[in-house]
Amino acid sequence: IVVDSNTAEIMENNINQIINLALMGGLLAILVLWFFLKNVRLVFFIALSIPISVFTAFNFLYFAGISINSLTLIGMALAIGMLLDNSIVVLENIYRLSGTGLSAGKSVTKGTKEVWRSIVAATLTTVIIFLPFLFSDNFLLKLMGTHIGVSIISTLLVSLAVALLFIPMAANLILRSKKSETVFYEKVSI
């Protein structure tokens, strides 16, 4: 038996390149976060939302019967930049309220309650864009929409849950560990 052509190596190289680019993009996003927040613990907890969201989204792909291929990986690479947004919004609001002198519990509760509708609406507007692809009659559009759409939708929905559950818990942990005389964020003058 003589193998005339083997595209498996090309596909492996493409998938490895997509994974490397997604990792590089995630690291650059974390670097930008650190540049603006200047707090390693905050950036660490926000950065944890990337692997939590991506690895949990793999379960959605499995249950949808979708294999991990270049289309699904491109969808996840696109979602990596968007999935940090929810966590940043929640954490920044908690961060701001802590600077006004509220206790850790009140900052977390009030901060999350103030922004939950906004981040749910922002996430759902992105998710809804991909829904028509799932119901398309065109085979190619349906295939691309299913693979890319399900990977983006699942990653963003998991990131929403992470932003509403994990980030407040982590912020509460950080705020409670602070000494009472230190301020977590700049004082806000009103």
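**Helix H5 and a nonpolar patch**

Mentor: H5 has a kink of about 35°, centred on Val162. The model is predicted.

Trainee: What makes that figure a bend at Val162?

Mentor: The bend is the angle between two fitted axes, one for the seven residues ending there and one for the seven starting there. For the kink in H5 centred on Val162, the value is about 35°.

Trainee: How do you know what H5 should span?

Mentor: Helix H5 covers residues 139-177, which is 39 residues. At 1.5 Å a residue, the expected span is 57 Å. The end C-alpha atoms lie 54 Å apart, so the two values agree.

Trainee: What makes the Asn138 pair at the start of H5 a polar contact?

Mentor: A side-chain oxygen of Asn138 comes to within 3.0 Å of the backbone nitrogen of Leu140. The cut-off for such N or O pairs is 3.5 Å, so the pair falls inside it.

Trainee: Why is Val40 called exposed?

Mentor: Its relative accessible area is 59%. Exposed means over 50%, so Val40 qualifies. Val40 lies in helix H2, residues 40-63.

Trainee: Which residues make the nonpolar surface patch?

Mentor: Met24, Leu28, Leu31, Val32, Trp34, Phe35, Phe36 and Val40 make it, with about 890 Å². Helix H1, residues 8-37, gives the largest share, seven residues.

Trainee: How many helices and strands does the protein chain have?

Mentor: Five helices and zero strands. Along the sequence the pattern reads α-α-α-α-α.

Trainee: What share of the protein chain is buried?

Mentor: Of 190 residues, 39% are buried. That label means under 20% relative accessible area.

Terms used. Residues are numbered from 1 along each chain as its sequence is written. This is a predicted model: local features need pLDDT of at least 70, side-chain atom pairs count only at pLDDT 80 or more; totals for chains, interfaces and linings use all residues. Side-chain values use heavy atoms; hydrogens and water are left out. Helices (H or I, at least four residues) and strands (E, at least two) are DSSP runs, numbered from the N terminus. The expected span of a helix is 1.5 Å times one less than its number of residues. A polar contact is a pair of N or O atoms within 3.5 Å; within protein, one must be able to donate a hydrogen and the other to accept it, and residues adjacent in sequence count only if both atoms are side-chain atoms. Patches are made of residues with over 30% relative accessible area and no salt bridge: like charges are joined within 9 Å, nonpolar side chains (Val, Leu, Ile, Met, Phe, Trp, Tyr) within 5 Å. Accessible areas come from the Shrake-Rupley method with a 1.4 Å probe; for residues, only the protein chains shown count as cover. A salt bridge is a side-chain nitrogen of Lys or Arg within 4 Å of a carboxyl oxygen of Asp or Glu. Buried means under 20% relative accessible area, exposed over 50%, partly exposed in between (1.4 Å probe, protein chains only).
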